[in-house]
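Subject: Structure for your review

Dear colleague,

Please find below the structure that I should like to hand over to you. My notes on it follow directly after it.

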2 protein chains.
Amino acid sequence: MTEIKQTTIETVVDNLMYLHPLISKSFSKQMRAKTNLNPGSLFIMGVLSVYKTLSMSDIGRKLSMPKPHVTVLIDKLIEEKMVERIADLTDRRIINIHITEKGITQFQTIKQEISEEMRQQLQQLTKEQLTTLATATQQVRELLIISFGKPSGCPDTKNQTS
Amino acid sequence: MTEIKQTTIETVVDNLMYLHPLISKSFSKQMRAKTNLNPGSLFIMGVLSVYKTLSMSDIGRKLSMPKPHVTVLIDKLIEEKMVERIADLTDRRIINIHITEKGITQFQTIKQEISEEMRQQLQQLTKEQLTTLATATQQVRELLIISFGKPSGCPDTKNQTS
DNA sequence: CATAATGGTTACAAATATACAACTATTACA
DNA sequence: TGTAATAGTTGTATATTTGTAACCATTATG
């Protein structure tokens, strides 16, 4: 047996490492099937659907996405009228990205379609298990936001927090 | 307000969609810094560290990874002596991939290094919150395995479950 | 004012992941 | 036996992501 007593943190890491591809798996097909947005754009829509307005750098920080990549994806989202650029009033370097009404609606629709597809899978769970899952995912979400939600620099040459 | 009363499933989808980039973020840097393995290979090591032996197709199914991609990644892992190919005794088409002792040890080490890096972030949580997180991630993991852990075909032309 | 730092863009290379097609070997089955 | 289905490989094209560097505009700071 190679089993060693794990610390709580190691248990968390273990679970998260296992969880990641599992969540990927549950989304990947639907994401590709149900939208013409690529994963990166969808993640941006995800944070924007929560925060409504974020600067380019904020988006990069929240998603650990290099700034040049954010620029490219936002360009596409603007073409699709999902988001819009808004100049910052106090700091003229900053460009705020604001989710449009169309963006909100479309993203809502996408989520509902994905939910519909996942219903089949998730209905293998009992009502109690499903409630537990909703609660547990909510807890994980909130606690990870505390731990990893804060700005910590996005991986880009000129933007290191060194 | 665009808020609409969500079903339990929609809440789960909402949380999972938000969780995915957050988990990505918490791992990405460490994964790239601490190992010479790419993310895909690391995910394969993850499932193999649990199941010890899986066929090529099993791996593809569990990770929703196209079979040709699995082949490439396994080739690299074999070069590194992390896994080995073992011919199946009952069905000579099947090639079983077995994690080696070195693979188990190395993966354990990688996880501990990642844990060490994450400790700093996770220590912003109280002891109670950390325990909650461990429990919640465990629950999510187990319930998602029930829902999405089953074979459902990996995205490859010749392997559709149609 | 001079200089450093920040926010953002552009361009390009490299790594990684996905999709598709063709192919061999083996097994399942009518 | 003949045919279809499965498991896996190989190759190639494409999509996506990451990494670097250079660059401009603006702000912060000495």
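How far from a phosphate oxygen of DNA strand C does a polar side-chain atom of A:S57 lie? The distance is 2.4 Å. Please bear in mind that this value, like the others in this message, comes from a predicted model.

DNA strand C

There are 25 residues around DNA strand C, and those that come nearest are A:M56, A:S57, A:T71, A:R85 and B:R93. Of the atoms of this strand that come within 4 Å of the protein, 68% belong to sugar and phosphate. Besides the side chain of A:S57, the backbone takes part: an N or O atom of the A:M56 backbone is 3.2 Å from a phosphate oxygen of DNA strand C. A base is approached as well, since a polar side-chain atom of A:K67 is found 2.9 Å from a base nitrogen of the strand. Two or more residues of the surface near DNA strand C are given by each of α3 (56-63) and α4 of chain A, and by each of α2 (39-51) and α4 of chain B. The largest share comes from α4(A), with four residues. Sorted by class, this surface holds nine charged, eight polar and eight nonpolar residues.

DNA strand D

Around DNA strand D there are 26 residues, of which A:R93, B:M56, B:S57, B:T71 and B:R85 come nearest. Sugar and phosphate make up 69% of the atoms of DNA strand D that come within 4 Å of the protein. The side chain of B:R85 places an N or O atom 2.3 Å from a phosphate oxygen of this strand. Two side chains of chain B reach bases: B:K67 has an N or O atom 2.9 Å from a base nitrogen of DNA strand D, and B:R93 has a polar side-chain atom 2.9 Å from a base oxygen of DNA strand D. At least two residues of the surface near DNA strand D come from each of α2 (39-51) and α4 (67-79) of chain A and α3 (56-63) and α4 (67-79) of chain B. Here α4(B) gives the most, namely four residues. The surface near DNA strand D consists of ten charged, eight polar and eight nonpolar residues.

Relation of the two protein chains

What rotation superposes chain A on chain B? The rotation is 180°, with 0.0 Å of shift along its axis and an RMSD of 0.1 Å. This is the relation of a two-fold axis. Within chain A, A:A136 has the C-alpha nearest the axis, at 2.4 Å from it. Both copies use the same surface, as 98% of the contact residues of chain A recur in chain B.

Aromatic rings

How many aromatic pairs does a search of the whole structure find over all chains? The count is zero. Charged groups do sit over rings, however. Within chain A, the charged end of A:K62 sits over the ring of A:Y51, at 4.5 Å from the ring centre. Between the chains, the charged end of A:R141 sits over the ring of B:Y18, 4.3 Å from the centre of that ring.

Yours sincerely

Terms used: Residues are numbered from 1 along each chain as its sequence is written. Chains are lettered from A and ligands numbered from 1 in the order in which they are written. This is a predicted model: local features need pLDDT of at least 70, side-chain atom pairs count only at pLDDT 80 or more; totals for chains, interfaces and linings use all residues. Side-chain values use heavy atoms; hydrogens and water are left out. A residue is near a molecule or strand if one of its heavy atoms lies within 4 Å of it. A polar contact is a pair of N or O atoms within 3.5 Å; within protein, one must be able to donate a hydrogen and the other to accept it, and residues adjacent in sequence count only if both atoms are side-chain atoms. Ala, Val, Leu, Ile, Met, Phe, Trp, Tyr, Cys and Pro count as nonpolar, Asp, Glu, Lys and Arg as charged, and the others, Gly among them, as polar. Rings of Phe, Tyr and Trp (its six-membered ring) pair if their centres lie within 6.5 Å; planes under 30 degrees apart count as stacked, over 60 as edge-to-face and the rest as tilted. A charge sits over a ring if NZ of Lys or CZ of Arg is within 6 Å of the ring centre and within 35 degrees of the ring normal. Copies are superposed by least squares on the C-alpha atoms of residues with pLDDT of at least 70 in both. Contact means heavy atoms within 4.5 Å.
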